[in-house]
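Here are a few exercises to work through with the structure open beside you. Try each task before reading its solution.

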Amino acid sequence: MRPYTFVQLFEVLLFGGVVIYGTLATPDRHPSLVVAGAGLLLGKAVLNILAPEGGSLIRRSLVGYAAGAVFAGLGIVLIHTL
C-alpha cells in the first residue's frame with residue numbers, strides 16, 4: 001500500500017471516529033461535533049472526486065475542505081438557531 005493511500009484511509013477512519021464520538025458521547029450528544037466530522041468527510045470526498053479533473057493536491061484539498069467548512073458552518077448555525 002502506498003503511503004498516500006494509507007494516510008487517506010487513516011484520515012477517513014479518524015473523521016468517522018469524530019462523527020461516531022459526537023453521536024454516541026454520553027450523557028449529552030454533540031451535534032456540532034457530528035456536523036464538523038461530516039464536514040471533514042465531505043471535504044475528503046470532494047478532494048478525491050476532483051482527482052480525475054487534475055490539479056495539484058493542494059488545490060484539490062483547498063476546494064474540498066472549503067466545501068466541508070461551508071457545510072459544517074451552515075450546519076452548526078442551523079443547530080444553534082433551531
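**Exercise 1: the span of a helix**

Task: In this predicted model, compare the expected span of helix α3 (residues 57-81) with the distance between its end C-alpha atoms.

Solution: Start with the length, which is 25 residues. The expected span is 1.5 Å times one less than the number of residues, so α3 should span 36 Å. Now take the end C-alpha atoms of α3: they are 36 Å apart, which agrees.

**Exercise 2: the buried residues of α3**

Task: Find which residues of α3 are buried, and name a helix that helps to cover them.

Solution: Look for residues under 20% relative accessible area. In α3 these are Arg60, Ser61, Gly64, Gly68, Ala72 and Gly75. Their cover includes α2 (31-49).

**Exercise 3: a salt bridge**

Task: Search the whole structure for salt bridges, then classify each partner as buried, partly exposed or exposed.

Solution: The search gives one salt bridge. It joins the side chains of Lys44 and Glu11, at 2.2 Å from N to O. Lys44 sits in helix α2 and Glu11 in helix α1, so the pair, 33 residues apart, links distant parts of the chain. Next, apply the cut-off: buried means under 20%. Lys44 has 5% relative accessibility, so Lys44 is buried. Glu11 has 22%, so Glu11 counts as partly exposed.

**Exercise 4: a nonpolar patch**

Task: Which residues form a nonpolar patch on the surface, and how accessible is Leu14?

Solution: The patch consists of Met1, Phe6, Val7, Leu9, Phe10 and Leu14, with about 670 Å² of accessible area together. Leu14 belongs to helix α1 (residues 3-24). With a relative accessible area of 44%, Leu14 is partly exposed.

Note on methods: Residues numbered from 1 in each chain as written. Predicted model: local features only at pLDDT ≥ 70, side-chain atom pairs only at ≥ 80, totals over all residues. Heavy atoms only, no water. Patch = residues over 30% accessible without salt bridge, like charges linked within 9 Å, V, L, I, M, F, W, Y side chains within 5 Å. Areas by Shrake-Rupley, 256 points an atom, 1.4 Å probe, with all protein chains shown as cover. Salt bridge = Lys/Arg side-chain N within 4 Å of Asp/Glu carboxyl O. Helix = DSSP H or I, 4+ residues; strand = E, 2+ residues; numbered from the N terminus. Buried < 20%, exposed > 50% of the residue type's maximum accessible area, 1.4 Å probe, protein only. Contact = heavy atoms within 4.5 Å.
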